[in-house]
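Here is a short tour of one protein chain, written for someone who likes to look at side chains. Keep the structure open beside the text and follow along.

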Amino acid sequence: MEIKIGIAGTAGRTVTEKDTALAVRSGSLQVLATPVLSALMEEAAVAALAPYLLPKQTTVGSFIAVRHKAPTPVGQTVKATATVIAVSGKKISFTITASDENGAIGEAEHTRFLVDEELFMMKLQK
């Protein structure tokens with residue numbers, strides 16, 4: 001199957017104490033940490049592409065610009081939706097939105113590249 005503009009994927013989680021800025025050391029408050037939000041956004045992008053990958057093919061993130069616009073307390077559910085906005089060869093670009101039970105909390109621009117798993121890992125051996 002071909003990866004096309006408009007393909008979307010989602011990821012969600014309920015915020016726990018281990019997801020807080022205090023726990024991951026990105027701040028001092030018991031609210032959803034920006035690095036955790038960023039990871040959830042990437043997870044949504046990975047989910048969008050998963051049905052379209054060939055065996056032994058994966059994607060790797062190369063860029064993400066996150067705007068974390070509102071706090072989310074422990075216990076609330078967060079959902080991220082990633083939508084493909086451009087495909088250029090192996091480069092895939094996304095816009096990502098995130099919300100919690102109170103509304104929008106973040107947005108991002110994200111880029112991933114299609115890679116062969118074995119060839120990519122062989123680069124580590126050099």
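Let us begin with a pair of side chains: those of Arg 112 and His 110 are joined by a polar contact of 3.1 Å. Please keep in mind that this is a predicted model.

**Around Arg 112**

Arg 112 sits in strand E5, which covers residues 103–116. Is Arg 112 buried or exposed? Its relative accessible area is 5%, so Arg 112 is buried, the cut-off for that class being under 20%. Beyond its neighbours within four places in sequence, Arg 112 is in contact with a long list of residues, including Glu 42, Ala 45, Val 46 and Leu 49. Thr 59, Val 60 and Gly 61 are also among the contacts of Arg 112, as are Lys 90, Lys 91, Ile 92 and Phe 94.

One of these contacts deserves a second look. The side chains of Arg 112 and Glu 42 form a salt bridge, with 2.8 Å from N to O. This pair links distant parts of the chain, as Glu 42 belongs to helix H2 and Arg 112 to strand E5, 70 residues apart. Glu 42 has a relative accessibility of 26% and therefore counts as partly exposed.

**Other salt bridges**

How many salt bridges does the structure hold? There are six. As general background, side chains of opposite charge can pair when their charged atoms come close. Three of the pairs are set out here, with the N to O distance for each.

| Pair | N to O distance |
|---|---|
| Arg 13 and Asp 19 | 3.0 Å |
| Glu 42 and Arg 112 | 2.8 Å |
| Lys 56 and Glu 118 | 3.6 Å |

In the pair formed by Lys 56 and Glu 118, Lys 56 comes from the loop between H2 and E2 and Glu 118 from helix H3, so the salt bridge ties together parts that lie 62 residues apart in sequence. Glu 118 is partly exposed, at 47% relative accessible area. Salt bridges with shared partners also bring Arg 67, Lys 69, Glu 107 and Glu 109 into one network. As for the pair of Asp 19 and Arg 13, Asp 19 is buried at 3% relative accessibility, while Arg 13 is partly exposed at 27%.

**The chain as a whole**

Now step back to the overall fold. The chain has three helices and five strands, and along the sequence they follow the pattern β-α-α-β-β-β-β-α. The C-alpha trace spans about 40 × 35 × 20 Å along its principal axes. Of the 126 residues, 32% count as buried. The accessible surface is about 7300 Å², and carbon and sulfur atoms supply 56% of it. Among contacts with a separation of 6 or more, 64% are between residues 24 or more positions apart.

Strand E3 has partners that are easy to trace. Strand E1 (residues 8–14) pairs with E3 in the antiparallel sense over seven bridges, and Thr 14 stands opposite Thr 77 in E3. E3 also runs antiparallel to strand E4 (residues 91–100), with nine bridges between them; here Ala 80 faces Ala 98 in E4. E3 and E4 make a hairpin with two residues in between, and Gly 89 in the turn has a positive phi of about 65 degrees.

**Loops and ends**

Most residues other than glycine have a negative phi. Which phi value does Arg 25 have? It is positive, near 65 degrees. Arg 25 lies in the loop between helix H1 (21–24) and helix H2 (34–49), and at 77% relative accessibility Arg 25 counts as exposed. Lys 56, already met in a salt bridge, also has a positive phi, near 70 degrees.

Thr 72 is in the loop between strand E2 (57–68) and strand E3 (77–88), yet Thr 72 is buried, at 0% relative accessibility. Its side chain makes a polar contact of 2.7 Å with the side chain of Asp 100. Not counting neighbours within four places in sequence, Thr 72 also contacts Val 15, Val 31, Leu 32, Val 78 and Ile 105.

Gly 6 lies in the segment before E1 and is partly exposed at 45%. Its C-alpha atom is 5.2 Å from that of Val 84, a residue 78 positions away along the chain.

Finally, Phe 120, Met 121 and Leu 124 make a nonpolar surface patch of about 310 Å². Phe 120 belongs to helix H3 (residues 117–122) and is partly exposed, at 34% relative accessibility.

Notes. Residues are numbered from 1 along each chain as its sequence is written. This is a predicted model: local features need pLDDT of at least 70, side-chain atom pairs count only at pLDDT 80 or more; totals for chains, interfaces and linings use all residues. Side-chain values use heavy atoms; hydrogens and water are left out. Helices (H or I, at least four residues) and strands (E, at least two) are DSSP runs, numbered from the N terminus. Buried means under 20% relative accessible area, exposed over 50%, partly exposed in between (1.4 Å probe, protein chains only). A polar contact is a pair of N or O atoms within 3.5 Å; within protein, one must be able to donate a hydrogen and the other to accept it, and residues adjacent in sequence count only if both atoms are side-chain atoms. Contact means heavy atoms within 4.5 Å. Patches are made of residues with over 30% relative accessible area and no salt bridge: like charges are joined within 9 Å, nonpolar side chains (Val, Leu, Ile, Met, Phe, Trp, Tyr) within 5 Å. Accessible areas come from the Shrake-Rupley method with a 1.4 Å probe; for residues, only the protein chains shown count as cover. A salt bridge is a side-chain nitrogen of Lys or Arg within 4 Å of a carboxyl oxygen of Asp or Glu. Two strands pair if DSSP finds at least two bridges between them.
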